[in-house]
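Student: I'd like a close look at one small part of this protein and whatever sits around it. Could you walk me through it in one go?

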Amino acid sequence: MADIRIENLRKQFGNFVAVQDSNFVIHDGEFLALLGPSGCGKTTTLRMIAGLELPTSGRIYLDGEDVTFNRASARDIAFVFQLFALYPHMNVRKNIGFPLLSQGMPKADIRKRVEETARLLQIDHILDRSVSGLAGGDRQRVALGRAIVRRPKCFLMDEPLGTLDAEFREVMVHELRELHNRIHATTVYVTHDQHEAMAMADKIAVMNHGVIEQFGTPQEIYSKPATMYVADFIGSPPMNFMRFNAGLQKGTRSVSLGGVDVSVPEVRQDVAVGELALGVRPEHIRFNDASPLRGAVYGSEYLGTNQVVAVETSSGLIKARVPANRNFHIGEPVGLEFSNANLALFDCKSGRALASALYQEAQNG
Ligand code: ATP
């Protein structure tokens, strides 16, 4: 297995920049999710790592070796596509063993390797079945088997669960992570689904318009978003933003929100002037009638174990995730409170977090 190091990786199609100077390292055995909406440059990044697309500039190192201009077949990487093409006229055993046959491996060794792989994926009981009659989950396992059987240095997966229905997806998310825990293969996984990324990945790169907005663990990305984009893309409902205008100095510890003083995490930048936003996750808001931060209930969504209550405030609509055991009426006046430990502070113009240096630390690390 291997480290993957990406340095200033850029891809332009004509004047259009699909991937803009990305820098990151995936350590040996780590699972990285490239996460972002359609068109943000995830697949292009993956295809450059695979050797299926040449970068406009930048470098790709695999296990310390500069592979930027190596052909895909010379990179010892396995690629699992969304639309996995199995050979319909072959059974499961032959489909999994095919890459080894192409390499010229002796038949007895292929048999042994295919059976080990099938046991790992728990499909050893269907080895002699035709692939054409298999259900979606088993077909996906066969496709994975064909990638794993070569024991490549790393795996690249492009929305491999995209065609499965929701129930199967959940099972496969769990299985893929279990598989990763067993074989510890360096993996890059493209998805637009935050739940898949959060559930499986050791690290996530959140992409937007070709730019990596944040690179970090799922916990860092969720609790210390580097930008408003990340704060909004991750979480359901997303982070609330309470906008206000102010001039803040380095060291600022409180802001005025609709005339109410709110204590905030310490500002580490020199000066920020203009439209700013306080960010708070819905689960970090509590209702307290004594709180000076007032609003009126706009609506509520009952979710069984909890409920999401939308509150109209002078700083906009705020959503709070609170216990389901209290009924709220539309228009009901409420007081809101939150602890400053769970707040983020953003500059609306740049979209960057002012109270967290995490993004820079991650990029430099
Ligand atoms: P999706 O999940 O929809 O594939 P993505 O994040 O993987 O989204 P990419 O496929 O990497 O996005 O595409 C990034 C941008 O580059 C898109 O706007 C796409 O139209 C453009 N693009 C990709 N390949 C080419 C190409 N060969 N020629 C021109 N533009 C391209």
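Tutor: Sure! A quick definition to start: a helix here is a DSSP run of at least four residues, and helices are numbered from the N terminus. Keep in mind that this is a predicted model. Our spot is Lys-42, which belongs to helix H1, covering residues 42–50. Lys-42 is buried, and yet it has no salt bridge. Why not? A salt bridge needs a side-chain nitrogen of Lys or Arg within 4 Å of a carboxyl oxygen of Asp or Glu, and the nearest side chain of opposite charge, Glu-159, is 4.7 Å away. Glu-159 does still count among the residues that Lys-42 touches, and others including Leu-34, Pro-37, Val-190, His-192 and Met-207 are on that list too.

Now zoom out to the helix. H1 lies across strands E1 (4–13), E2 and E4, and it runs at about 120° to E1. Those strands belong to an open sheet of four, in the order E2-E1-E4-E5, with antiparallel pairing. E2 (16–26) and E5 (65–66) stand at the edges with a single partner strand each, so one side of each has no neighbour in the sheet. E5 pairs with E4 (residues 57–62) over two bridges, in the antiparallel sense, and Tyr-61 stands opposite Asp-66 in E5.

One last stop is Cys-40. The whole structure has zero disulfides, and for Cys-40 the nearest cysteine sulfur, in Cys-154, is 20 Å away, which is too far for a bond. Both cysteines are buried: Cys-40 has a relative accessible area of 2%, and Cys-154 is at 0% relative accessibility.

Key. Residues are numbered from 1 along each chain as its sequence is written. This is a predicted model: local features need pLDDT of at least 70, side-chain atom pairs count only at pLDDT 80 or more; totals for chains, interfaces and linings use all residues. Side-chain values use heavy atoms; hydrogens and water are left out. Buried means under 20% relative accessible area, exposed over 50%, partly exposed in between (1.4 Å probe, protein chains only). Lys and Arg count as positive and Asp and Glu as negative; His and the chain ends are not counted. Contact means heavy atoms within 4.5 Å. A disulfide is a pair of cysteine sulfur atoms within 2.5 Å. Two strands pair if DSSP finds at least two bridges between them. Axes are lines fitted to C-alpha atoms, for helices over the stretch in contact, and angles run from 0 to 180 degrees between N-to-C directions. Lists of a residue's contacts leave out its neighbours within four places in sequence.
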